[in-house]
Amino acid sequence: MALPPFATAADLAAVMQASVDAAAADLALASASAVIRRWTRQTITRVVDDVAQLRIIDCDQLVLPQRPVESVSQVMVNALVLTDWVLSGDRLLRTGGWRYLPGTSSYPDRGIVQVTYTHGWDEIPDDVRGVCLDLASATLSNPAMLRQEAIDDYSRTFAAESLGLGGLSDSHKELLGDYRRRVGTARLR
């Protein structure tokens with residue numbers, strides 16, 4: 001499924017204060033959005049009824065991979081639909097934990113749970129949209145990725161941030177830090 005970019009060509013033209021080729025703008029915005037999604041490990045865009053296959057690691061809680069979680073419509077193990085769970089933020093909790101199923105003494109099939117849920121934002125947050133527009137405008141304003149160009153007595157030097165490489169700067173990462181899904185957890189006691 002192709003996800004939509006975080007901004008429009010009209011938004012990009014407004015930021016750049018110039019007309020932009022629609023195809024080039026769409027490509028730059030799609031690329032910038034992909035860079036953000038990859039770094040944050042989040043789709044960010046609203047996804048309804050997404051299906052995730054999750055392995056039970058922590059028997060107390062099942063952490064859903066995408067945030068923010070709006071709702072969970074179904075939780076299944078094999079063909080068994082579970083209803084004895086509670087959604088708490090981005091986690092599913094069960095009173096007896098996730099290691100045992102109702103009417104059994106053990107968990108079948110290596111602890112795989114299938115969760116159908118809705119997650120993401122209806123409107124892209126302003127800071128995410130801003131980083132997307134910044135990356136896309138850098139790409140369009142310097143498509144040849146020149147460091148400097150000169151013609152006769154005219155010279156123009158591009159800042160390192162505007163080389164259009166599609167990478168996130170440290171300030172971009174700081175802005176996007178709250179959206180990034182951490183890999184692995186450590187429990188401190």
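Two strands pair if DSSP finds at least two bridges between them. The model used in these exercises is predicted.

**Exercise 1.** Work out which residue stands opposite leucine 87, and how many bridges join β5 to β6.

*Solution.* Start with the bridge count. β5 and β6 are joined by 4 bridges. The cut-off is at least two, so the two strands pair. They run antiparallel. Now take the residue. Leucine 92 in β6 is the one opposite leucine 87. Between these strands lies a hairpin with 2 residues, where glycine 89 has a positive phi near 70°.

**Exercise 2.** Place β2 in its sheet and find the strand it pairs with.

*Solution.* First, read the order: β2-β6-β5, an open sheet of 3 strands with antiparallel pairing. Next, look at the edges. They are β2 (61–63) and β5 (85–88), and each pairs on one side only. On average, neighbouring strands of this sheet are turned by 25° against each other, direction ignored. Then count: 3 bridges link β2 to β6 (residues 91–94). Across from valine 63 is arginine 91 in β6.

**Exercise 3.** Explain why β1 and β4 each have one side without a neighbour in the sheet.

*Solution.* Begin with the order of the open sheet of 4 strands: β1-β7-β3-β4, with antiparallel pairing. β1 (47–55) and β4 (80–82) are at the edges with a single partner strand each, so one side of each has no neighbour in the sheet. From one strand to the next, the twist averages 30°. Finally, check β1. Its link to β7 (residues 112–119) is antiparallel and has 7 bridges. Glutamine 53 has glutamine 114 in β7 as its bridge partner.

Key. Residues are numbered from 1 along each chain as its sequence is written. This is a predicted model: local features need pLDDT of at least 70, side-chain atom pairs count only at pLDDT 80 or more; totals for chains, interfaces and linings use all residues. Side-chain values use heavy atoms; hydrogens and water are left out. Axes are lines fitted to C-alpha atoms, for helices over the stretch in contact, and angles run from 0 to 180 degrees between N-to-C directions.
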